[in-house]
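Biologist: I have a chain to show you. Let us go through it with short questions and short answers.

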Amino acid sequence: MSTSRVRLASIVTATALLMAVSAVGPASAATPQRHFAAEKLAMRLLNCTRTGGWVQADGICVGRGTGQHSAYVKPLRRSKEISRRVAFRWAREMAKADVCGHVIAGKPELRQRLASKGFRHNYYGENVGCMWGGTPREMVIRTHRAFQDEKGGGGWHWRNIKNAGFKSVGVGVASIGGSTRVVYDFYGR
């Protein structure tokens with residue numbers, strides 16, 4: 001093979017490798033995925049527990065609407081706008097930053113996240129859960145059961161679920177690289 005053909009083959013190979021590497025990009029550039037089915041499941045589980053039912057390990061609700069396992073509280077309405085514009089966006093931010101919490105340095109807190117999207121009622125709350133390993137469905141169930149298990153100690157996640165002052169909720173579920181973030185943004189209207 002001539003020298004010019006070797007050079008051309010090297011350039012073509014190097015260009016192809018560069019294009020392949022740039023197309024993949026670094027792991028941190030991955031986009032968290034939204035899971036609508038998991039969000040719907042999270043909503044069902046939330047209202048199961050809220051109305052006095054109890055979520056089992058397989059995600060089945062026992063006693064929904066009966067007040068059997070805790071006092072009956074009227075089910076929450078799912079706010080599509082809070083789900084899309086606030087809850088999912090927060091789940092995505094946490095996933096991208098690889099953190100789990102209500103606050104990320106340099107990012108707005110819940111009050112600002114709601115207000116910036118037009119939700120200015122002053123009665124709100126948030127449950128955030130993060131799990132690693134398993135499918136988004138499995139992680140929603142495990143996260144919800146962890147919130148539910150706070151019943152005996154009156155933890156804040158439990159109190160938010162049972163708070164009759166909340167009328168609607170946004171639900172967001174995002175996953176990336178084997179981890180899932182679940183966000184319930186409760187709202188007083």
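Biologist: Among contacts in the protein chain with a separation of 6 or more, what percentage comes from residues 24 or more positions apart?

Modeller: This is a predicted model, where local features need pLDDT of at least 70, side-chain atom pairs count only at pLDDT 80 or more, and totals for chains, interfaces and linings use all residues. Residues are numbered from 1 along each chain as its sequence is written, and side-chain values use heavy atoms, with hydrogens and water left out. A contact means heavy atoms within 4.5 Å. For residues 24 or more positions apart, the share of those contacts is 67%.

Biologist: Which pattern does the protein chain follow along the sequence?

Modeller: Helices (H or I, at least four residues) and strands (E, at least two) are DSSP runs, numbered from the N terminus. The chain has six helices and seven strands. Read in order, they give α-β-α-β-β-β-α-α-β-α-α-β-β.

Biologist: What percentage of the 189 residues is buried?

Modeller: Buried means under 20% relative accessible area, exposed over 50%, and partly exposed in between (1.4 Å probe, protein chains only). By that cut-off, the buried part of the chain is 43%.

Biologist: Which elements do the buried residues of H5 pack against?

Modeller: Helix H5 covers residues 136-148. Its buried residues include Met 139, Ile 141 and Phe 147. They pack against H2, strand E2 (54-55), strand E5 (124-132), helix H6 (156-162), strand E6 (168-176) and strand E7 (179-187).

Biologist: Which helix gives the most to the lining of the largest pocket?

Modeller: On a 1 Å grid over the protein atoms alone, a pocket is an open set of points where a 1.4 Å probe fits, with protein on both sides within 12 Å along at least five of seven lines; lining residues have an atom within 4 Å of a point. Among the lining residues here are Arg 85, Trp 90, Glu 93 and Lys 117. Six of the lining residues come from one helix, residues 80-97: H3.

Biologist: How many residues of that lining are charged?

Modeller: Asp, Glu, Lys and Arg count as charged; Ala, Val, Leu, Ile, Met, Phe, Trp, Tyr, Cys and Pro as nonpolar; the others, Gly among them, as polar. The lining has three nonpolar residues and one polar. The charged ones number seven.

Biologist: Which helix gives the largest share of the second largest pocket's lining?

Modeller: Leu 41, Cys 61 and Arg 137 are among the residues that line this pocket. The lining divides into five nonpolar, one polar and three charged. Five lining residues come from the helix at residues 36-50, H2.

Definitions and conventions: The expected span of a helix is 1.5 Å times one less than its number of residues.
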